[in-house]
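Hi,

Here is the structure I promised to pass on. Have a look at it first, and my notes on what turned up follow below.

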Amino acid sequence: MKRLIQCCMVPSTDRGDYSYQRYVQNNSNVPFNFLRIEVGGRHDTRRVLAGIRNYYVASGSGCFTIENEGYEVMAGALITILPGQTYSYQGKMGLLEFNVDTGDGIAHEDLE
């Protein structure tokens with residue numbers, strides 16, 4: 001794993017309502033991953049299958065829905081989603097996503 005990764009070194013993937021850069025991909029040497037996400041709309045519902053998913057709202061504001069409960073968020077908020085839980089989010093915000101492998105990998109399924 002590289003000790004220094006700058007945004008100019010990481011390709012961006014555009015998904016319409018959001019785009020992301022994957023700074024760290026989890027593998028056998030690294031038990032986590034890390035992404036930077038720019039949200040300008042809505043992210044469809046997912047279920048976390050393995051690992052613990054964390055989002056830090058770096059800028060802007062929006063709403064996370066976790067297990068059908070809404071949470072208004074703004075810069076400085078930290079959201080944690082556990083295995084088996086469903087979530088979606090929407091708004092105009094910059095997110096940092098940090099997922100931790102707790103022994104079963106890091107995985108999700110799309111529900112929409």
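The lining of the largest pocket breaks down by class into 8 nonpolar, 5 polar and 5 charged residues. Bear in mind that this is a predicted model.

That lining has 18 residues, and the ones nearest the pocket's centre are Arg 22, Leu 35, Arg 46, Glu 97 and His 108. As for the space inside the largest pocket, the figure came out at about 230 Å³.

Which strands build the lining? At least two residues each come from β2 (18–24), β3 (32–50), β4 (52–66), β7 (86–100) and β8 (107–110). Of these, β3 gives the most, with 5 residues.

I also followed up one residue, Asn 99, which sits in strand β7. Is Asn 99 buried or exposed? Its relative accessible area is 1%, so Asn 99 counts as buried, the cut-off being under 20%.

The side chain of Asn 99 has two partners worth pulling up on your screen. One is the side chain of Glu 97, with a polar contact of 2.7 Å; Glu 97 is also among the residues nearest the centre of the largest pocket. The other is the side chain of Asn 33, where the polar contact is 2.7 Å as well.

Leaving out residues up to four places away in sequence, Asn 99 touches Pro 31, Phe 32, Asn 33, Leu 35, Ile 52, Arg 53, Asn 54 and Ile 106. You'll recognise Leu 35 from that list, since Leu 35 is another of the residues nearest the pocket's centre.

Cheers

Notes:
Residues are numbered from 1 along each chain as its sequence is written. This is a predicted model: local features need pLDDT of at least 70, side-chain atom pairs count only at pLDDT 80 or more; totals for chains, interfaces and linings use all residues. Side-chain values use heavy atoms; hydrogens and water are left out. On a 1 Å grid over the protein atoms alone, a cavity is a set of points where a 1.4 Å probe fits but cannot get out, and a pocket is an open set with protein on both sides within 12 Å along at least five of seven lines; lining residues have an atom within 4 Å of a point. Grid points are joined across faces, edges and corners, and a volume is the space filled by probe spheres set on the points. Helices (H or I, at least four residues) and strands (E, at least two) are DSSP runs, numbered from the N terminus. Ala, Val, Leu, Ile, Met, Phe, Trp, Tyr, Cys and Pro count as nonpolar, Asp, Glu, Lys and Arg as charged, and the others, Gly among them, as polar. Buried means under 20% relative accessible area, exposed over 50%, partly exposed in between (1.4 Å probe, protein chains only). A polar contact is a pair of N or O atoms within 3.5 Å; within protein, one must be able to donate a hydrogen and the other to accept it, and residues adjacent in sequence count only if both atoms are side-chain atoms. Contact means heavy atoms within 4.5 Å.
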